[in-house]
Amino acid sequence: MPADTTHSPRLDIHRRILDLVRTGRARTRSDLVALLHASASIVSLRTRELIDSGELIDTGPLSSGTGRPSRGLALASSERTLLAADLGTYHARIGLAKAHGEVIDLRTLKIDSSSGPKKVLDLLCATIEEMIADNINSGMPAAGCIGLPAPIDHKKGWVDSSSRLRGWHHFPIADLFSARLGIPIAIENDADIMALGEHLEHPELQHSITVKAGGSIGVGVVIDSRLHRGATGAAGDIVHVRMPAFGDLPCACGKTGCLDTVLSGLALARQWSQAVGSPQDLEDLLNADFNADSAALDLLRTAGSRLGEALSVIAGLLNPDAVFIGGRLSTSETFLAAIRAALYTNCHPLITKNLLIEATSAGIDAAFKGAVASAASIAGLQTSSPHVSSRTITQTARDF
Ligand SMILES: [Zn+2]
C-alpha cells in the first residue's frame, strides 16, 4: 500500500518554503531559518531538494556590507503567476495561472462592451485585484495578456478599429491596466490568442489556422509555431472579404457585401429568423441543426461552404498543417463538414493532402491558454501552456 504523503512534513515544508519565496517574504536561506523556526541544516536540505526538482533557483551571492554574502533564492520561472483574460462582447473570462500550466483561479464575468472601455475595464481591474488578493500566496502576476474581439495594435496596446467595439478605438487599454496593476500587460486579438492556445495543444504541428466562428468570425494564423499578426495586426481578418455570392447587405465597416454580413452569428440568426418567421438567435439555429431540421441544415451548409471558400485562399497561401474551427458554430457537424468539403474542392491536392480540418480540441479554453502563453512571453518566461488541461480549468472555474 503506498504511503500517504498528503500530510508529509517534508512536503509541507517544501510548500511553505515556496510560499515564502513566492510572496517575497524570504530571499535567502537565513530568512527561511528565521521564518520557519527550523534548523539551518533542515532548510539547506529542503531548499536543495526544491532546486534539484526545478521549483527554486539559486540566484547567487547577494551584495552585503561585511562578512560572507548570503545566496539569493527565487522561484523558478515555471512557478511564476500570470494573468490571462479573454473578453467577448458580453462575457469575460479572467484567470490566474502558473507558467507551467496550473490554473490558480478562473472566473467568468458578465460585461457589456457597448458601455465603453472605462466602465468595463474598471470592472475587470476590480475583479483582477480581488483575485490577486484571494490568491495572495501565489504572489503578484509577472505579466498579463488580455484578448479582445477587435483588430488590435499590439505595439500600442489598444483597439485599432472604429467599427468594432465602438468607443474603444485607441483607448489606452494596456497602459491603463499596467499602471493600475503595476505589471506589463499585452493586448491581443481574441482569434489570435485562440489560435496560439490551440496550436500549443498540438506540439507536433508547425503551421496552423484557427477560425473563431461565433458572434463574429475571426481567424488567427500561427506560422513556425509563432503567432503571425501581420504588418498592422490584421492578419487573418477575413470578415470584410467581399465576394459576389455574399450579396450587398451593409456592413459595420461601412462597405457592403462583406463575409461578416452573411456568416457572423448575428447574420445567421437574422437569416434563421427570416426562415422561421419569428425572432431567433444562434442557439435556436444550432438546436434546429442538431434536430436535423432541413432548413437549418441548408443554412449552415451554405454558411460553412462560404467560409471554406474564403479559407481555401488562406490555406493555398500558407499551406498549413491544420485548420481548426472554434467558437459556437464549431459545435455544428453540418457546418464543419461543409467547410471541409469546400477546402477539398477549392484547394490544390498538395494543400489538402495531410491537412487536418477539425473543431478545436481546447474548445472554450483555447483563448485562455493562448493568453497565458502570451503573458509568459512578455514576462520572458518559459511556458507549458499545452499542459493547461481542460479538467484543471473546469475544476478551478468560479462563475458569478
Ligand atoms: Zn465589412
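Here is a short chat about the domains and one sheet of a predicted model.

Colleague: I'm new to this one. Into which domains is the chain divided?

Modeller: Domain 1 covers 9-75, domain 2 takes 81-194 + 372-399, and domain 3 spans 203-360. Keep in mind that this is a predicted model.

Colleague: How many residues do domain 2 and domain 3 each bring to their contact?

Modeller: The centres of domain 2 and domain 3 are 25 Å apart, going by C-alpha atoms. Domain 2 puts 14 residues into the contact, and domain 3 puts in 18 residues. On the domain 2 side, β7 (152-153) and α6 (190-200) each supply at least two residues. Of these, α6 gives the most, with four residues. By type, that side of domain 2 has six nonpolar, four polar and four charged residues.

Colleague: Now the sheet. How do I read strand pairing, and what is the strand order here?

Modeller: In general, strands of a sheet pair through backbone hydrogen bonds, either parallel or antiparallel. Here five strands make an open sheet, ordered β12-β11-β10-β13-β14, with mixed pairing. Look at β10 (residues 208-213) and β11 (residues 217-223): they run antiparallel and are joined by six bridges. Within that pair, valine 211 sits opposite valine 219 in β11.

Colleague: Why is one side of β12 and of β14 left without a neighbour in the sheet?

Modeller: β12 (226-227) and β14 (356-359) are at the edges and each has a single partner strand, so one side of each has no neighbour in the sheet.

Colleague: Which strands do α6 and α10 touch?

Modeller: α6 packs on the sheet against β10, β11, β12 and β13 (322-326), its direction at about 45 degrees to that of β11. Helix α10 (residues 294-318) also packs on the sheet, touching β10, β11 and β13, with its direction at about 160 degrees to that of β10.

Conventions: Residues numbered from 1 in each chain as written. Predicted model: local features only at pLDDT ≥ 70, side-chain atom pairs only at ≥ 80, totals over all residues. Domains from an automatic or database assignment. Contact = placed C-beta atoms within 7 Å. Nonpolar A, V, L, I, M, F, W, Y, C, P; charged D, E, K, R; others polar. Pairing = 2+ DSSP bridges. Axes fitted to C-alpha atoms, helices over the stretch in contact; angles between N-to-C directions.
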